[in-house]
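Reader: I'd like a close look at one sheet in this model, with a bit of context around it. Could you walk me through it?

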Amino acid sequence: MKKTLWAGVLSLLLPMAGFAGEYNLTVDRVEIDTGDFVKKGIGYNGKSPGPILRFKEGEEVTINVTNNLKEMTSIHWHGLILPFEQDGVPGITFPGIKPGETFTYNFPIIQSGTYWFHSHSGFQEPDGAYGAIIIEPKGREPFRYDREYVIQLADSHPHSGDRIMRNFKIMPDYYNREQQTVGEFFSDVSKDGFLNTVKDRLAWGDMRMMKADVEDLQGFTALINGKGPKQNWTGIFEPGERIRLRFINSSAMTYFDIRIPGLEMTVVQADGNNVQPVNVDEFRISVAETYDVIVRPKNNQAYTIFAESMGRSAYARATLTPEEGMEAAVPKLRKPARLTMADMGSMHGMDHGSMDHGSMNNGNMNESDVMPDMDHSKMKGMDHSNMDHGSMMMPEGGASDPFYAKGSGLIPSAANGGKFLSYADLKAQRPLYDEREPTREIELRLTGNMERYIWSINDVKYEDAEPIRLQYGERVRFKFVNETMMAHPMHLHGMWSILDVGEGQWNPIKHTISVQPGTTVYMETEVDAPGQWAFHCHLSYHMAAGMFAKVIVEGGPEPDQAVLSDLPLGNGGEL
Amino acid sequence: MATALSTSMLPTLASAQERMLDNTQRKQPLKVWGARFKELEYRYSDNDEELGVWDADFFYGTDALKFRLLTSGEYSIDGQAYEKLENQLVGQVPISTFFDVQAGIRVDTPEGPDRTYAVLGITGLAPQWFEVDASVYVSKGGKASAELDASYELLLTNYWILIASLDTTVAFNEDKEIGVGKGLVSSEVGLRLSYDLIDRTLSPYIGVVHERKYGDTAALSRTAGSSTEDWFAVVGARLIF
């Protein structure tokens, strides 16, 4: 006891850089109780979610991961910049961790912020293998807070990941219980008229696409820090305190729209990197993203953290309260979103009458190319009401967001009519790289076939795809063209994804970029990490169905040879 | 494939470019199996005939190639005999976004003479959400016939589903021995109301089915003393697992 105390004092006296920390994680079969059902899943140190790992910038971490499962496992440190052999993707960066084996990760922590970790093997992550990472910065943070909580979201499903994947393959709408019904037909008739409704149904029927195809996977219980809505995870505060909430979306498939009725949220960080503060009433978090917000509840009352799934099939709920036992009202779910023809993007124009069905698989039609055409100087004031997005195409409420197709059915709007965060609002607090022209552009069309539950990049599934080769030292501009009717959170491992919001050097630095249906989004990457890396859609079942690529960074400093020689070429492991 | 080959042949050169090969499941085609009973039901006809009927499908394979066992039959509870018993084993490959082509064999072993056919068909989703299966059969004796199966699901709610189905057969050659005349042979029209009780695994239903024989086939049926038109009340379940 005394020793630890002294060690603690000593560590405070020691300079920050160059110290080391050792951590132990076991990967275990665990029981997950969501309040709605109990399932067998996978967790860390006997629990799902796993522990919150707290690192310090400048620390050299050693993490011993012991696999207590009967199958291979792995841990990927999502968003961390590290040598590729430490990245934890079986088959790409290391062979994986065999049953009974302890694998030791060892890498320096060269960043700060909110991140997370998860298994990259099979469907272990949807089955519960995830946890949070908090990295304390070396220097002072540009915002103050008195208290902090991790708010880690997940979509726990009674079915195992393997079974869900199989059901998707047998019947892509297996889990979709928000499909259009006879009742909706009649309510649309009374709203839009009989002829328009019939035309609308015929247009979608002709494409064999569903307006209701927003959430592939339904029937899950949405969790916050492992607790279902009935179990109500609760965080305590003193009125007047500033609370930092570190939101992490560790769902397999679910985007969430998050609000705390009665509290304004100041977004200060996205994907671990500080952004210029933005006050919002609500924000959408795509799968694998993180957002840090600061709230300041002044009243002696409870507040509900309400996270509705984008498809409105479920919600996660937690409570912030000055004293244990207090609760606030839980809002009702809003109506399920419906896709519009705008979400068909490059596949279809807005004009139902002139649809050319011969060109369905042809990505060369004019997509809604949001970035180059936008005048971002007009967005400085963040007053979107001044922006002309073609008011004729607006859905009800007139919401708009340059990162959604014009007239998209997915454009979010705040429940209280206030400010909803857009990617366009994100500006880096501090640029990480000098601004320079990209050396080249790589187009990645996000493609798929919903009826076959095939997801791919440039129409090629990972199993048939050649790796993407990048040269060390170049700056690549990636052009994502989403040709599908679903949103895809694209995650590049090992190197930052600088999202082009038209702010030049202030473009936000992210690790996961959500590309909405029918849109084109650009990001730039400084290729500064040798080795090979995974690059994929972070929706677990899209990734497994083929929306995955391997990136090889050629040239650059040779990674640690000793570690490399431990990597047998082509050593098999689990997915 | 070419990359895999060159890498294994030239390990030193390859390691400079590709540091390790992905031999995980992720890089393999996803193999999937499934089983589905579109119909598993008890039928009671307007002339008091009782039948046990099924129409099922078992598959295993990848996006590129699936093997499918299609089985359907009608068992007469009074006669204690299979009035119809068809088994097909086909290979299935995609030919377009929404359609697959199937080829294989069909073996019919009901009460009475057996038949073996070569099968060529397409299966898929037609515009406006019609599930369509169309097959051509050629028997060992060189007799050809064709079958069209179409169904449509109307969602009354997201759990109550009304399923309309149509199954018609046309024969290009007469096969008197099994009671098939040339021309339009028969049709079966069904309307079933189902409820998804456990996910989509178990969906019990009730419904009506109308069976009719036409032309020469009807004549052959009359000669044999059988009916040419039947109404059935049905109760059963759809299964997916």
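Author: Here is the sheet, after some background on its chain and before a short stop in the other chain. This is a predicted model, where local features need pLDDT of at least 70 and side-chain atom pairs count only at pLDDT 80 or more, while totals for chains, interfaces and linings use all residues. Residues are numbered from 1 along each chain as its sequence is written, and chains are lettered from A and ligands numbered from 1 in the order in which they are written.

Chain A has seven helices and 30 strands (DSSP runs numbered from the N terminus: H or I of at least four residues for helices, E of at least two for strands). Of its 575 residues, 52% are buried, meaning 20 or more other C-beta atoms lie within 10 Å of a residue's own, with C-beta atoms placed from the backbone.

Now the sheet: five strands of chain A make an open one, ordered 22-30-29-24-27, with mixed pairing. Strand 22 (468–471) and strand 27 (512–515) of chain A sit at the edges with a single partner strand each, so one side of each has no neighbour in the sheet. From one strand to the next, the twist averages 25 degrees. Inside the sheet, strand 24 (residues 488–492) of chain A runs antiparallel to strand 29 (residues 531–537) of chain A, over three bridges; strands count as paired if DSSP finds at least two bridges between them. A:L492 has A:F535 of strand 29 as its bridge partner.

Over in chain B, B:V107 belongs to strand 5 (residues 99–108). The C-alpha atoms of B:V107 and B:E86 are 5.9 Å apart, though 21 residues separate them along the chain.

Technical notes:
A residue is buried if 20 or more other C-beta atoms lie within 10 Å of its own, exposed if 12 or fewer, and partly exposed in between; C-beta atoms are placed from the backbone. Axes are lines fitted to C-alpha atoms, for helices over the stretch in contact, and angles run from 0 to 180 degrees between N-to-C directions.
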